[in-house]
Amino acid sequence: MTDDKDVLRDVWFGRIPTCFTLYQDEITEREAEPYYLLLPRISYLTLVTDKVKKHFQKVMRQDEVSEIWFEYEGTPLKWHYPIGLLFDLHASNTALPWCITVHFKNFPEKDLLHCHSKDVIEAHFMACIKEADALKHKSQVINEMQKKDHKQLWMGLQNDKFEQFWAINRKLMEYPPEENGFRYIPFRIYQATTERPFIQKLFRPTASGGQLHTLGDLLKDVCPSAITPEDGEQKTQVMIHGIEPMLETPIQWLSEHMSYPDNFLHISIIPRPTD
Amino acid sequence: MADAEDFFLEEKKFKQYCEEFIKHSQEIGDGWEWRTTKDLADGYLSKTHFEVRNRNIPPDLEERNDNTEQMLFTRVEKLYKVPWNLTYERSWYLGTDCYRHKFLICSNMRSRISTVGNAEVLHYLGHYGIETSAVLFEIYGHQVFIVKLFFQGLKCRKIHRSKSLEFISTEGHLCTWQLCPKFGLTESLLTCRLPGMCLGAQGVRYQESLDDSEVAGICATKEVIRYEYHVLYSSSYQVPVLYFRACFLDGRPLTLDEIWKSVHACYQAHLLEGPWDTITQQEHPLLGQPFFVLHPCRTNEFMSSILTESQKQNRHTNYIILWLSTVGPVVGLNLPLSYAKLAPEQNTNPDSVERPLR
């Protein structure tokens, strides 16, 4: 049991070394130096980059600055996806540090949501938690909580306080003793190559006979192309939090231990690197 | 005592209700259609409509009831959309036979055809007895109307001095026609920009040129907003969800603030209490683009009371119609009353005929 709790800590404290560079066409009064930062995998870009913004705004004219947005190799980065998901999906097999370009102009209205304040991030984060609980517990647990409990989840994430967050979150990870797990597993599967942003379906953690469904069972059901054909090479990797969990892992366990703070399992299917 | 849970909408039922809904929409020309994702796994309802309003002034009840506003709106509809009741077909080649032009004329509408250069122009009387002139082109499967309006002070919209005409194709694309006097004074090359394409049609001559002073009266004081509505199914909440986005004709999207301000006055009080719970910007789960969403987590609450009432009266209930008529008006989407009179395809409840005494 102690080992399992360690997993929760390892997931929470995962970091990605990142180098932020200002887009070359931005107009500056003097040269902009890159800014290095360790980004928490479990957080959101616009929540943890205040210092990045300040650093670059110092070298820019005030009238040239509007909403900040980030891009990696030409792809605008969706701030409403957790940082770890963005990295796994776009850059996991490239050399560190992760090089992100910072923009202050020409906000891509067709690709990115606006994020004018921290309230927007909080609303998005809480909406994800509510949706996850709708799947796990028909919203019973989240609705029984008081507003201050909801606030504590958000503050725990915002201030990087593991204990504060999990004091409340553990209730969202419980299930009735007569059941073997949640009602449905909150998960999303991402592939950079598809038009559809993610796959999300209803999936039960246990079979009718009571056996636990595995990660492999989930993929076979909703994204069979991710599981290799028996004769071919394995062309893709299935990645969560930067690692490839074994396909035999029970999905209920993954949901309890490797979900992001929004209570979703965000799974990336990426091309396997050819060594 | 019925639990709110009993009113969850299953995905199969969602699709059935949508099918019924689309059928009625087609009958009355309400513009809804069913779209599917590329992998055909998921589908959703979709509708686009244009709204005219005074610049910088949000519409409210008084304005909607004003007659001139109503008439203006209808005329703009004629300006920007193909009248859906056109039926007659005829085709011929224009100029260098690169493009085929198709004409649709409604046989019971008073109309006549004249020739402008090599193009044929349809003149017809639209609603309110307004004479409208139109040249119809079919380009790569998109039906495109140029409408030259010379009535009641409404003109084609002009941009700067390049003498270009701006309008919306039936597919909802913003198109710009520009006159380039390349082939002499009596012939002009028309180019049309559809998104991603640039092609030309040769040989249409304009009989009169539009002066700078004849800039469209409509655009000086009014603005046109394009609304797009999608109804998707949420498997997490087991309810339908309304996604929408709005932009001006030049493509600039409306901000959340601008959307909130356009919400009908009686809903604004509710929004002010907890705006973050009601309308937020989110990623469209099938298209991946930013849309505004009406939050689904309270849907089941209010739907259960509506559905209970409806079932008590043994009425055929189409969940989508009941739901959309409740949430739609909050964001400017109205359903014509005829939806409420939908007759059931089949009576699935045999007891409703007998009404046994209990």
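Biologist: Where in chain A does A:N106 sit?

Modeller: In this predicted model, A:N106 belongs to the loop that runs between β5 and α5 (118-137) of chain A. Look at its backbone there: phi is positive, about 55°, although the residue is not a glycine.

Biologist: Is A:N106 buried or exposed?

Modeller: Exposure is judged by relative accessible area, and over 50% counts as exposed. A:N106 has 68%, so the residue is exposed.

Biologist: Which other residue, A:H241 perhaps, has a positive phi without being glycine?

Modeller: A:H241 is a good one to look at, with phi near 50°. You will find A:H241 in the loop between β7 (236-239) and α10 (251-257) of chain A. A:H241 is buried, because its relative accessible area is 10% and the cut-off for buried is under 20%.

Biologist: Thanks! Now peptide bonds: which two residues does a cis peptide bond join?

Modeller: Omega is the angle to read. For the bond between A:L96 and A:P97 omega is about 0°, and the bond is cis. The proline, A:P97, lies in the loop between α4 (83-91) and β5 (98-103) of chain A.

Biologist: Let's turn to helices. How do I check the span of helix α7 of chain A?

Modeller: Allow 1.5 Å a residue and compare the expected span with the separation of the end C-alpha atoms. Helix α7 covers residues 147-158 of chain A, 12 residues, and should span 16 Å. Its end C-alpha atoms are 17 Å apart, which agrees.

Biologist: And how do I read the sides of a helix?

Modeller: An α-helix has 3.6 residues a turn, so residues three or four places apart point the same way. In α7(A) the buried residues are A:D149, A:H150, A:L153, A:W154, A:G156 and A:L157. Seen down the axis of α7(A), these buried residues fall within an arc of 160°, so they line one face of the helix.

Biologist: Which exposed residues does the face of α7(A) turned away from the buried side carry?

Modeller: That face carries A:K147 and A:K148. A:K148 counts as exposed because its relative accessibility is 57%, while A:D149 is buried at 10%. A:D149 and A:K148 also form a salt bridge, with their closest N and O atoms 3.9 Å apart.

Biologist: What comes just after α7(A)?

Modeller: A:D160, whose phi is positive, about 55°. The side chain of A:D160 meets that of A:R15 in a salt bridge of 2.9 Å, N to O. A:R15 lies in strand β1 (residues 15-22) and A:D160 in the loop between α7 and α8 (162-172), both of chain A, so the pair ties together parts that are 145 residues apart in sequence. A:R15 is partly exposed, with a relative accessible area of 30%, and A:D160 counts as partly exposed at 30%.

Biologist: How many salt bridges does the structure hold over all chains?

Modeller: There are 17. Among them is one between the side chains of B:E283 and A:K78, at 2.4 Å, N to O. B:E283 lies in strand β16 (residues 279-283) of chain B and A:K78 in the loop between β4 (75-76) and α4 of chain A, so this pair joins two chains.

Biologist: Are those partners, B:E283 and A:K78, buried or exposed?

Modeller: B:E283 is buried at 9% relative accessibility, and A:K78 is buried with a relative accessible area of 18%.

Key: Residues numbered from 1 in each chain as written. Chains lettered and ligands numbered in written order. Predicted model: local features only at pLDDT ≥ 70, side-chain atom pairs only at ≥ 80, totals over all residues. Heavy atoms only, no water. Helix = DSSP H or I, 4+ residues; strand = E, 2+ residues; numbered from the N terminus. Buried < 20%, exposed > 50% of the residue type's maximum accessible area, 1.4 Å probe, protein only. Expected span 1.5 Å × (residues − 1). Arc of directions from axis to C-beta. Salt bridge = Lys/Arg side-chain N within 4 Å of Asp/Glu carboxyl O.
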